[in-house]
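Me: I should like to understand how the terms used for a structure are justified by its values. Please take the terms one at a time.

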Protein chains: 12
Amino acid sequence: MTKRASFTVPGLTEESGHHVAEALQLRLHALNDLHLTLKHAHWNVVGPTFISVHEMLDPQVDLVRGFVDELAERMATMGVSPNGLPGDLVAKRTWEDYSVDRADAQAHLSALDEVYNGVIEDHRAAIAKVGDVDPITEDLLIGQTAELEKFQWFIRSHLYDGQGNVK
Amino acid sequence: MTKRASFTVPGLTEESGHHVAEALQLRLHALNDLHLTLKHAHWNVVGPTFISVHEMLDPQVDLVRGFVDELAERMATMGVSPNGLPGDLVAKRTWEDYSVDRADAQAHLSALDEVYNGVIEDHRAAIAKVGDVDPITEDLLIGQTAELEKFQWFIRSHLYDGQGNVK
Amino acid sequence: MTKRASFTVPGLTEESGHHVAEALQLRLHALNDLHLTLKHAHWNVVGPTFISVHEMLDPQVDLVRGFVDELAERMATMGVSPNGLPGDLVAKRTWEDYSVDRADAQAHLSALDEVYNGVIEDHRAAIAKVGDVDPITEDLLIGQTAELEKFQWFIRSHLYDGQGNVK
Amino acid sequence: MTKRASFTVPGLTEESGHHVAEALQLRLHALNDLHLTLKHAHWNVVGPTFISVHEMLDPQVDLVRGFVDELAERMATMGVSPNGLPGDLVAKRTWEDYSVDRADAQAHLSALDEVYNGVIEDHRAAIAKVGDVDPITEDLLIGQTAELEKFQWFIRSHLYDGQGNVK
Amino acid sequence: MTKRASFTVPGLTEESGHHVAEALQLRLHALNDLHLTLKHAHWNVVGPTFISVHEMLDPQVDLVRGFVDELAERMATMGVSPNGLPGDLVAKRTWEDYSVDRADAQAHLSALDEVYNGVIEDHRAAIAKVGDVDPITEDLLIGQTAELEKFQWFIRSHLYDGQGNVK
Amino acid sequence: MTKRASFTVPGLTEESGHHVAEALQLRLHALNDLHLTLKHAHWNVVGPTFISVHEMLDPQVDLVRGFVDELAERMATMGVSPNGLPGDLVAKRTWEDYSVDRADAQAHLSALDEVYNGVIEDHRAAIAKVGDVDPITEDLLIGQTAELEKFQWFIRSHLYDGQGNVK
Amino acid sequence: MTKRASFTVPGLTEESGHHVAEALQLRLHALNDLHLTLKHAHWNVVGPTFISVHEMLDPQVDLVRGFVDELAERMATMGVSPNGLPGDLVAKRTWEDYSVDRADAQAHLSALDEVYNGVIEDHRAAIAKVGDVDPITEDLLIGQTAELEKFQWFIRSHLYDGQGNVK
Amino acid sequence: MTKRASFTVPGLTEESGHHVAEALQLRLHALNDLHLTLKHAHWNVVGPTFISVHEMLDPQVDLVRGFVDELAERMATMGVSPNGLPGDLVAKRTWEDYSVDRADAQAHLSALDEVYNGVIEDHRAAIAKVGDVDPITEDLLIGQTAELEKFQWFIRSHLYDGQGNVK
Amino acid sequence: MTKRASFTVPGLTEESGHHVAEALQLRLHALNDLHLTLKHAHWNVVGPTFISVHEMLDPQVDLVRGFVDELAERMATMGVSPNGLPGDLVAKRTWEDYSVDRADAQAHLSALDEVYNGVIEDHRAAIAKVGDVDPITEDLLIGQTAELEKFQWFIRSHLYDGQGNVK
Amino acid sequence: MTKRASFTVPGLTEESGHHVAEALQLRLHALNDLHLTLKHAHWNVVGPTFISVHEMLDPQVDLVRGFVDELAERMATMGVSPNGLPGDLVAKRTWEDYSVDRADAQAHLSALDEVYNGVIEDHRAAIAKVGDVDPITEDLLIGQTAELEKFQWFIRSHLYDGQGNVK
Amino acid sequence: MTKRASFTVPGLTEESGHHVAEALQLRLHALNDLHLTLKHAHWNVVGPTFISVHEMLDPQVDLVRGFVDELAERMATMGVSPNGLPGDLVAKRTWEDYSVDRADAQAHLSALDEVYNGVIEDHRAAIAKVGDVDPITEDLLIGQTAELEKFQWFIRSHLYDGQGNVK
Amino acid sequence: MTKRASFTVPGLTEESGHHVAEALQLRLHALNDLHLTLKHAHWNVVGPTFISVHEMLDPQVDLVRGFVDELAERMATMGVSPNGLPGDLVAKRTWEDYSVDRADAQAHLSALDEVYNGVIEDHRAAIAKVGDVDPITEDLLIGQTAELEKFQWFIRSHLYDGQGNVK
């Protein structure tokens, strides 16, 4: 079977529906990478605030895994086969593996703050891209971005210096 | 009492608020018809995959019944009395009763796929229509459409032929 | 496929089993009409006791929807295909749509009291009819009637005049 | 101690109470055999619909085990010691072990359909037998039969041929 | 207001409906007395099996309180005002207060066995009496009797002598 | 066995412990009467606010039944056998049966307001009486009184006239 | 530290992000005022429908408290420190304290209807204002407005006069 | 209607009951201020222990909101209308708004420690004041103070210097 | 199909995998017999400790039924069709039906102690037999044996004579 | 750090607060000893009522463990470091280890009755001691004593001789 | 920091502990790959049994994700930093991405059967390798293998041909 | 009664079964000491990470209490009376009371790390000792050790210095 099905959602042309769906593939890879990275940090963080950071990450892992499922099922709904495999992820992504192993909370949270900058910017770009064609997909991405931004606030709240700036 | 109340939601003119509300009446009839139809299929499907299709339909019935409630309460909120009665439904609808009785999964799922085509197209048309006036109602319809489209994907996933097309 | 299957429940003749099942079709239509009507009242009741009547109706809606399911699956069990569609309901029923839109609790509860009179009388007639042939179906109808009568007591309890009579 | 106690339920003579109770012993054996058989099928079914049939059987096992408990405790309540042991079951039953091992859903469901024919016919005969003496026991058996017949409908719904007959 | 309302359940004449309802008043008093008595025993039992008998009684208290509610609401449904007050109970009952205070399990369970004999016999008589007129009330009483008889079996199971007779 | 056991709680003399316990017997009767009365009102209230008053009473019934249990087990803990039987209640109480049958909410709530006046005043008198001897029992009665007073506020809140006085 | 952080959400300029956030401060104060006001009404409502109105308000209090949390955390996420204190609220708000103390449902619901008019109009204005810059914040406000409007429908449904107008 | 009702709890004179109730008004304002302040800190705390302090505050918010409800309903029960509005709070309180915005945990917890000093001292003073007149209200305030003191221990436990003193 | 499938678990030879699986068949029969026997005792125990022994047996029934399921699914996993039917059980077992009908707790618990001796010894023998070949199956049997031994301790704890020996 | 902190609860002098706290240390040791002892009895009781006594003890263990936590956190709240270690317990206690190993229920319950006599008397003495200074601590101890006394009633209820005295 | 910490679990030498931990890294990669692959199949399966296979995969995804967490935390516990990132996975693994996109259940289940062959064989090899050094890690791997093998039986049960062999 | 019963588990000789059981007594004392010590730390930890360490300890307390129960019931199952009393613990243990009172997280976690070294080494020694005789007991100890080691990793993760070593 081909990657593109013979249908898309009612009310869109097959071409524009498939176009929206394909725009979601890299978001899917980004979020698959994200939940693997969050788990990696969950295991490797050390230091005096270990337990609170360790526990803060797990609900976000669950949330991001749910977002991956939403994106993949939206792609399938719109008629394009989603790819959720690690080889394809690594081949297609435009970034490298997360660079921190065992390290304290400061190091992990700073690195994750960078990761979130990238994921959120790309999500906002995707919102702008699909919004004119498909309000359903736009709404799905808006909902995910809201939660990603809120969690980045959690991350940043740990990183303030004495002047109110993020270190 | 008249069908139109002496108010609508704050921030809209009474006229435009009532106009949006009235646009929801046929969506309400369509979804009332839909959950009755899904139950009808739930009872009449037969064949080797009986139990899995029988059980797949029930959560969708609950979901659609919830959508009916949302639409009707939105109409009332906007100042127009909703009608949820079968006589009015049959008098106003632009389609016929679902045509399948006892039949195998293939027959029911193909017929339901057609039903969903109609409901979703009309929902998308309503989104376009109300969006300029009332973002609250637009958002409600977007949320319903997302779920209807996802369930149609469930339906279609049963109907593939060997070449990746829906039969 | 025909409406009648090639079997009925063990211990009954196919003819008498199908006869019982067919007697349930109009009960099914009556209860489908009833839960749609209760929801309609749920949305359209107004006045000082709005919230308590609005909330009293919903559990009854759930109950009646469950009764519909019981009846339809009993028909199928006995070898006759049930019909749960609105067109068929309207074509076969011997009553009209509920006549009240937006109105106060008194008006809705009085109208619903009438609706329950009809549904319960017909249920009792069906009990008498099927009881000699099939105690299983009889028991199912008795259980439903008990709950319908109890809810009618709820309705009537709102309608007393000062002398202990229902208005 | 003897199998018969020195009492039965109030309102019945000891003789007629014990007579009803003893009529339940073979129903108890039949249902003990049934839940063992359903589990056996649960483990031995194979083929493309494995998972849905495998999972459909477990809730019925739980239900039938509950019915066994009801029957045995009713016997004890009426003053006769129930026997729930496999040796007694095999010695007293009038049927053989279920004949299917590893086989596809079609084979298991056809065989189970036969098993249900036997169990339900005998339950209906028991209803007729005890009904004149003890409405409590009659009601218990009616309730069990309703559920057994409903599950047989599940079984039969998998077995339709193209003409609406059970294969 | 008078004790009799201007209605009864649909399908019965007002006279026969009220007649059935009034037959339930003494059953209501009997069950109100029963749950008070079970609690009294719950507090006053002593001896080596205190905790298990103390705990065995509470679920039965809850059950019987629910039965009282069923009977009273059935009376109201059928158009007769139920009386649930202790003065009326004591004035109308045909039996005396339970005679045991602080005593061991044997004494309480023997006394309760007698109480159950009375309650169940009268319930069975009521079943016979209302059965011809109203199958709904009959079914309600059958269901209660089944549970009362089962609990009496619990009571009696504690009282066996070495020969299999109840002491 | 005698009503008084050979012990009381550690730290009190047997005489003063038994004295406190006996002071609870009439509180126990009062609360047993109260929950029976609340149920009676629950069944007999009619009129436009039927459902909200009907439902408001049930949680209070459960609460008061729990208070009865607390009092009776406190009596037993302190070494005096509690009496929870209706005959004893009626023989010992200083008040009559509640006087209202089927009536509207106003009538029931006014009558219940009077009932609560009596129960609470007597509870407060008991607090004063036992407080010097046993802070444990005092605390138990304070906790019960708090809840009884709160529910009386619920009752009274229905009875305001236009000037802020309770009718 | 200053009220404005050195960041905002990725994809927006710091200036426009902070601008959106600051637009939420008065919405936060409005909703903090609203849940305090709803609780005030919850305690002060009296009259024949006391219990149903009293209970209708509590779930809305919980909902509005959740909305306050959403708004404040969105402000922080976008880089502006939220203020949730009563002194600041009173200093900045453009309205007065709710004017009703102990009064009947009619008086409270009419006053609350006015309160909702204000809150909803301002929420709709904020939607329009932030929508061009930040779809995430827009979506958050749309979701809150939908619920506020639905609850206002509850309020208004109590206030109908005999002609279908809100009093 | 006046602020004072025509009743108080049974057993107290109207004057002394109203006197106790009025003593609770400022406690109500203090606790309303407290839960708003705790939420404010919840949003504005930053630094390495952000997540643990952020999460520690929320259950206390819920608890204090429950205490506010208790106090207000106790006032109403005793016959005085409670005021829960922010304007009245700010007009009547004897303290200023909490002084900290975005700051680290040390700054917030030190400031909250001061807030708790004030609230608890005033609660203890109220206990002493009402205890002679009304043990029910005294008990309510004791229960609240126990929880407030325990949470202050949580706060103080974060603030120790190396010598075992609170910084 | 044959009893042996064309596969076993990866990492074992087909022969040794099937050999392990077949060793489980008699354990399966033993545990099927055990849960039937425990239920039989549950119904037939009488005497002063009836209720506590009656209730102690039910959780063990559930546990043993779960063990049967584990064993049968392990056999299937390893490639051998499990047999769960009563005729096969009785034909293959090396023991007789449990010998006790209605009897007191002492008689039942002594008899069950003997039953557990047999089941546990055979389980331990099976552990020794399969341990060298398949650590997965060994671990499953160890887990079951731990629970069976713990329940036997429950049984034995009822049977002590005055010198610390089991009667 | 020293055992005494530089603070106590607001409203008490540091000296009197610490004095109250220190009075709780031996209560803490007593309750730590108690839950260890209850578990010891839970494992070592044997005889015909094994299962009911074994199960009666576990909820009390949980309760007493919660009481230990309350006392220790109250000490810390009042500014004194609590000690929960077994060496300190054994060094400071004024009693010996519980003297019973494997024995029947009569022996264990008699020994536990003695243990409760000691714990409760000392709790009542502590209530008297702290009550003048700190009503919060007094209330905590009253609540614990109520539950300890109730459980002692459970224990004593097993020990009655035929004349109503505890053996 | 280095990948190896300065400790391992007590009772093992640091060298042997680290050796065991490093043996788990490839198992971790294999299971991370497996849950991504199962989700991929979950989205891409089509055909008449879509819904049952789609739903069968999700609980296994959750299970395998839990196994990944167990392995990574065991590595960390034994003193070696785990790597959970996709780049490292792809660089180190000895197999390719799963080869199937949108396809029917037969194709996916056959491919997954192969995947499970590989994962389970390697798990069994790891069990053999670590068992002599560390029974804790051995036990963890045995528990995982049991579940993986059971799910492979689910997969294989769909693939039987008519002769009892897996296709 | 003697400490040793006249039985052990089936399949072991009485002597070797009792030998295994006695080897568990000191493990039982060690774990009883451990949960008391964890609670002690829970109350006495102070400093900036108070709340997260305070909360991290409680689930481990529950887990260890469960392990104590497992060990004691295993001893009883194998025929040796377990001792769970503090005097015996202190007399038999080979270590002293935990040495830290009020102190910061670093001090407590370092001290607990030492405690865990001792407990785990002794558990591993016990595994080696009992493994040859009784795989059931061995498996129980392996399961406990796995959890103890995992929690020690939590402890150690707080104690890293900048070079990846535990301080």
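Me: What makes a residue part of the lining of the largest pocket, and which residues lie nearest its centre?

Reply: The largest pocket has 37 lining residues, and C:Glu138, D:Pro135, D:Glu138, E:Glu138 and E:Ile142 are those nearest its centre. The term rests on a 1 Å grid over the protein atoms alone: a cavity is a set of points where a 1.4 Å probe fits but cannot get out, whereas a pocket is an open set with protein on both sides within 12 Å along at least five of seven lines, and a lining residue has an atom within 4 Å of a point. The model is a predicted one, in which local features need pLDDT of at least 70 and side-chain atom pairs count only at pLDDT 80 or more, while totals for chains, interfaces and linings use all residues; side-chain values use heavy atoms, without hydrogens and water. Residues are numbered from 1 along each chain as its sequence is written, and chains are lettered from A and ligands numbered from 1 in the order in which they are written.

Me: How much space lies in the largest pocket, and which helices supply its lining?

Reply: The space is about 840 Å³, where a volume is what is filled by probe spheres set on the grid points, joined across faces, edges and corners. Helices H5 (105-131) and H6 (135-157) of chain C, of chain D and of chain E each supply at least two lining residues. H6(E) gives the largest share, five residues. Helices (H or I, at least four residues) and strands (E, at least two) are DSSP runs, numbered from the N terminus.

Me: How many residues of this lining are nonpolar, polar and charged?

Reply: The lining divides into 19 nonpolar, six polar and 12 charged residues. Ala, Val, Leu, Ile, Met, Phe, Trp, Tyr, Cys and Pro count as nonpolar, Asp, Glu, Lys and Arg as charged, and the others, Gly among them, as polar.

Me: Why are chain B and chain C said to be related by a two-fold rotation axis?

Reply: Copies are superposed by least squares on the C-alpha atoms of residues with pLDDT of at least 70 in both. Chain B falls on chain C after a rotation of 180° with 0.0 Å of shift along the axis, at an RMSD of 0.0 Å. The two copies are therefore related as by a two-fold rotation axis. In chain B, the C-alpha of B:Pro86 is nearest the axis, 3.0 Å from it.

Me: What makes the area between chain B and chain C "buried", and how many residues take part in the contact?

Reply: Buried area is the accessible area (1.4 Å probe) that two parts lose on being put together, summed over both. Here it is about 3100 Å², with 58% from carbon and sulfur atoms. B:Trp43, B:Leu85 and B:Arg102 lose the most area in chain B, together 26% of what that side buries. The contact (heavy atoms within 4.5 Å) takes 42 residues from chain B and 43 residues from chain C.

Me: Why is the relation of chain E to chain J that of a three-fold axis, and why do the copies meet through different surfaces?

Reply: A rotation of 120° with 0.1 Å of shift along its axis superposes chain E on chain J, with an RMSD of 0.0 Å. That is the relation of a three-fold axis. Only 20% of the interface residues of chain E are also interface residues in chain J, so the copies meet through different surfaces. Chain E and chain J bury about 870 Å² between them.

Me: How do you know that chain B and chain J do not touch?

Reply: No contact joins chain B and chain J, and their closest C-alpha atoms lie 40 Å apart.
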